[in-house]
Amino acid sequence: MNILVLNGSPKEKSDTMHLTRSFLQGLNEDEEHAITIIDVIKKQIKPCIGCFQCWQRGDGNCVLQDDQNEILAAYRAADVIIWSFPLYCYGMPSHLKAVLDRTIPLVQMRMVADGNRVRHETLVDFSKKKTIVISGCGFPAWEGNFDGLKQQCRVCFGGPTILCVPETPLLNTPEAAPLAQPLLDKFRRAGQEFAKHGYLAPETVAALETPMMPGNDYIAALNERC
């Protein structure tokens with residue numbers, strides 16, 4: 001498989017990428033796959049200007065001259081696309097959202113009804129691609145942290161595997177290693193599961209999203225460091 005990772009973290013030591021790398025390790029456990037990791041923060045991605053020249057040309061490319069067409073080429077070639085990023089204001093970081101906005105060259109102006117929604121016809125056969133979203137946040141597991149993000153990803157990606165993990169600063173806290181390592185091990189095993197079946201069981205997703213420590217204890221520990 002060709003696996004594309006769009007790393008949306010702006011930091012070298014990314015909490016979320018700790019999880020994603022463990023997942024990739026599991027994916028490659030039994031069979032080595034081609035993995036491309038793009039650090040989006042290092043790319044020049046201009047905002048979409050809504051000119052729709054991509055729809056007029058219909059070649060799957062954007063007319064803006066920056067790094068987005070490189071990403072679009074990798075997107076078209078990928079069998080699995082992993083969006084890995086920290087939660088920013090209950091959504092994607094702006095530089096990664098710009099990448100998502102500028103995937104419109106991969107669809108056409110023509111619209112079709114698809115169940116209870118309307119979408120654009122595609123230039124790419126997305127039915128043959130699998131999308132995984134891995135997002136971490138610094139909040140404990142309060143209701144609603146990821147609701148807006150999940151809705152956006154379901155609509156944009158049409159049934160992706162979504163993994164939303166609270167308390168991810170613990171992954172870069174040395175004294176929290178006894179709590180973090182079991183979660184990293186779960187992500188590695190989840191990668192193995194995905195490589196074998198092409199999906200994750202609901203109980204696997206639930207285990208990956210389980211907080212590493214009780215919410216009140218997490219808040220108290222974090223506030224002590226402030």
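Tutor: A residue is called buried under 20% relative accessible area, exposed over 50%, and partly exposed in between. The model discussed here is predicted.

Student: Glu-121 has 25% relative accessibility; is Glu-121 buried, partly exposed or exposed?

Tutor: The cut-offs are 20% for buried and 50% for exposed. Glu-121 has a value of 25%, so Glu-121 counts as partly exposed.

Student: With which residue does Glu-121 form a salt bridge?

Tutor: The closest N and O atoms of the pair are 3.2 Å apart. The two residues belong to distant parts of the chain, with Glu-121 in strand S5 (residues 117–122) and its partner in strand S4 (residues 107–114), 11 residues apart. The partner has 58% relative accessibility and therefore counts as exposed. The residue is Arg-110.

Student: Which residues are joined into one network by salt bridges that share partners?

Tutor: The structure holds 11 salt bridges. Some of them share partners, and the network they make consists of Glu-12, Asp-39 and Lys-42.

Student: Lys-43 and Glu-70 meet in a salt bridge; how many residues apart are they?

Tutor: The N to O distance between the two side chains is 3.1 Å. Lys-43 sits in the loop between strand S2 (34–39) and helix H2 (53–57), whereas Glu-70 is in helix H3, and the pair links distant parts of the chain. Lys-43, at 28% relative accessibility, and Glu-70, at 40%, are both partly exposed. Along the chain the two residues are separated by 27 residues.

Student: Asp-101 also forms a salt bridge with Lys-97; in which helix do Asp-101 and Lys-97 lie?

Tutor: The closest N and O atoms of this pair are 2.5 Å apart. An α-helix has 3.6 residues a turn, so residues three or four places apart point the same way. Asp-101 and Lys-97 are 4 residues apart, about one turn. Their helix is H4.

Student: Why are Leu-149, Cys-153 and Phe-157 on the same side of H5; what arc do they cover?

Tutor: These three residues of helix H5 (residues 147–157) are buried. Their directions around the axis span a narrow range, which puts them on the same side of H5. The arc is only 35°.

Student: Which strands do the buried residues of H5 pack against?

Tutor: The buried residues of H5 pack against both helices and strands. The helices are H3 (68–77) and H4 (94–101). The strands are S3 (80–86), S6 (130–136) and S7 (161–165).

Student: Arg-154 is found in helix H5; which residues is Arg-154 in contact with, leaving aside its neighbours within four places in sequence?

Tutor: Arg-154 has a relative accessible area of 46%, so Arg-154 is partly exposed. The C-alpha atoms of Arg-154 and Val-133, 21 residues apart along the chain, are separated by 10.0 Å. With the sequence neighbours set aside, the contacts of Arg-154 are Gly-159, Pro-160 and Ile-162.

Student: Which residue just after H5 takes a positive phi?

Tutor: The phi value is about 65°. The residue is also among those nearest the centre of the largest pocket. It is Gly-158.

Student: Which element gives the largest share of the lining of the largest pocket?

Tutor: About 900 Å³ of space lies in this pocket, and 31 residues line it. S5, S6, H5 and S7 each give two or more residues to the lining. By class, the lining has 18 nonpolar, 9 polar and 4 charged residues. The largest share, 5 residues, comes from S5.

Student: How many nonpolar residues are in the lining of the largest cavity?

Tutor: About 100 Å³ of space lies in that cavity. It is lined by 13 residues, and the closest to its centre are Cys-48, Cys-51, Cys-54, Cys-62 and Ile-104. Of the lining, 2 residues are polar and 1 is charged. The nonpolar residues number 10.

Student: Phi of Glu-167 is positive; is Glu-167 buried or exposed?

Tutor: Glu-167 has a phi near 65° although the residue is not glycine. Its place is the loop between S7 and helix H6 (177–197). The relative accessibility is 0%, so Glu-167 counts as buried.

Key: Residues numbered from 1 in each chain as written. Predicted model: local features only at pLDDT ≥ 70, side-chain atom pairs only at ≥ 80, totals over all residues. Heavy atoms only, no water. 1 Å grid on protein atoms, 1.4 Å probe; cavity = no way out; pocket = protein on both sides within 12 Å on 5 of 7 lines; lining within 4 Å. Points joined across faces, edges and corners; volume = space filled by probe spheres on them. Nonpolar A, V, L, I, M, F, W, Y, C, P; charged D, E, K, R; others polar. Buried < 20%, exposed > 50% of the residue type's maximum accessible area, 1.4 Å probe, protein only. Arc of directions from axis to C-beta. Contact = heavy atoms within 4.5 Å. Salt bridge = Lys/Arg side-chain N within 4 Å of Asp/Glu carboxyl O.
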